[in-house]
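Biologist: Could you take me through one part of this model up close? I'd like to start from a single residue and work outwards to whatever surrounds it.

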Amino acid sequence: MKYEFDTPLIEGRIIKRNSQFTVDVEIDGTIQKVHCPTTGRIGNIDLKNIAGLLSTNDNPKRKTKYTLEAISVSNIDKKDKKWVGINQIASNRYIEFFLENHLLNDMLPEYDTIKREVTLGKSKLDFLVGNNYLEVKTPLQTLQIEYDTEIKTKKTAQFSSTDRFIKHINQLTDSLKTNQKAILLNTFQYDNPGYQILNPSTNYTQVSKNVNQCIEKGLEIWQINMNINHEGIELIKYWNTTNNFRKKVL
């Protein structure tokens with residue numbers, strides 16, 4: 001079963017990244033300012049002269065008509081490109097679709113209700129599915145996928161903003177006092193072979209300690225891989241990766 005876009009995504013050529021929020025994209029010979037839904041870096045890719053997939057929005061209140069939904073790690077002229085979805089907010093929409101259609105039953109086998117953006121303590125978590133809390137993360141700091149020869153890269157600094165992540169996993173784990181499951185779902189809009197920390201954060205020790213404490217209390221860590229193309233998103237596979245993160249940093 002596939003999540004189908006209301007309108008197929010269109011392909012353009014990224015000229016440059018202007019800021020955290022916009023990129024210039026050439027679409028049918030015209031350069032357009034396009035919204036970039038992720039404010040952080042996208043692996044170590046230099047976003048110049050690579051292909052992107054764009055959604056359209058006709059809302060007159062928006063400053064930009066297009067949103068960058070995916071980038072390609074294939075050479076610009078290649079016909080069958082490999083795409084990496086970068087819209088982290090959209091991940092929740094895709095996960096909700098899979099949950100509504102009971103496509104993730106190995107992870108959550110029994111539930112009647114799905115609630116979005118549920119307040120828990122001082123945090124707001126992505127889902128309450130039956131009696132189970134689910135937090136969705138879409139890591140993009142490192143891309144575990146092979147680039148084609150013309151994809152340019154750049155040096156990147158270590159990631160250091162981990163306070164929000166630590167707060168969320170501890171709040172998520174605390175829910176086990178009254179709820180059935182607490183799941184951190186690492187979500188990839190490409191076929192990631194198995195999430196690894198290739199460039200540990202500057203807070204490695206602190207994050208590692210918190211992750212291990214949460215796992216010992218019952219936190220589950222799962223991974224889901226999806227495929228994005230012009231028409232929509234489809235589920236590739238998902239599996240329990242909790243044991244892979246014992247004594248490791250997320």
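Modeller: Sure, let's start with Thr-187, whose neighbours further off in sequence, leaving out anything up to four places away, are Ser-91, Ile-95, Val-136, Lys-137, Thr-138, Pro-139, Ile-224 and Met-226. Keep in mind that this is a predicted model. Thr-187 belongs to strand S11. Is Thr-187 buried or exposed? Its relative accessible area is 0%, and because the cut-off for buried is under 20%, Thr-187 counts as buried. Its side chain also has a polar atom 3.4 Å from the backbone oxygen of Leu-185.

Now zoom out to the sheet. Seven strands make up an open sheet with mixed pairing, and the order runs S1-S13-S12-S11-S10-S9-S8. At the edges sit strand S1 (2–4) and S8, each of which pairs on one side only. From one strand to the next, the twist averages 35 degrees. Inside the sheet, S9 and strand S10 (residues 132–137) run antiparallel and are joined by three bridges. Val-129, for one, has Asn-132 in S10 as its bridge partner. H2 packs on the sheet too, where it touches S8, S9, S10 and S11, and its direction makes about 160 degrees with that of S10. Helix H1 (residues 88–100), for its part, lies across S1, S8, S9, S10, S11, strand S12 (220–228) and strand S13 (232–240), at about 25 degrees to S9.

For a contrast with Thr-187, look at Lys-115, over in strand S8. Lys-115 is partly exposed, with a relative accessible area of 47%. Not counting residues up to four places away, Lys-115 touches Asp-126, Phe-127 and Leu-128.

Then there's the nonpolar packing. The largest nonpolar core has 43 residues, and Ile-14, Ile-45, Leu-68, Ile-71, Leu-143 and Val-211 have the most contacts inside it. Among the elements giving it two or more residues are strand S8 (114–120), strand S9 (123–129), helix H2 (163–174) and strand S11 (181–188). Another core, of 29 residues, lies apart from that one and includes Leu-9, Ala-90, Ile-95 and Tyr-238. Ile-95 should ring a bell, as it is one of the residues that Thr-187 touches.

Last, the rings: the structure holds nine aromatic pairs, and one aromatic cluster is formed by Tyr-3, Phe-5, Tyr-94, Phe-97 and Phe-98.

Methods
Residues numbered from 1 in each chain as written. Predicted model: local features only at pLDDT ≥ 70, side-chain atom pairs only at ≥ 80, totals over all residues. Heavy atoms only, no water. Phe/Tyr/Trp six-rings, centres within 6.5 Å; stacked < 30°, edge-to-face > 60°. Core = buried A, V, L, I, M, F, W, Y, C linked by side-chain atoms within 4.5 Å. Buried < 20%, exposed > 50% of the residue type's maximum accessible area, 1.4 Å probe, protein only. Helix = DSSP H or I, 4+ residues; strand = E, 2+ residues; numbered from the N terminus. Polar contact = N/O pair within 3.5 Å; in protein donor to acceptor, adjacent residues only side chain to side chain. Contact = heavy atoms within 4.5 Å. Pairing = 2+ DSSP bridges. Axes fitted to C-alpha atoms, helices over the stretch in contact; angles between N-to-C directions.
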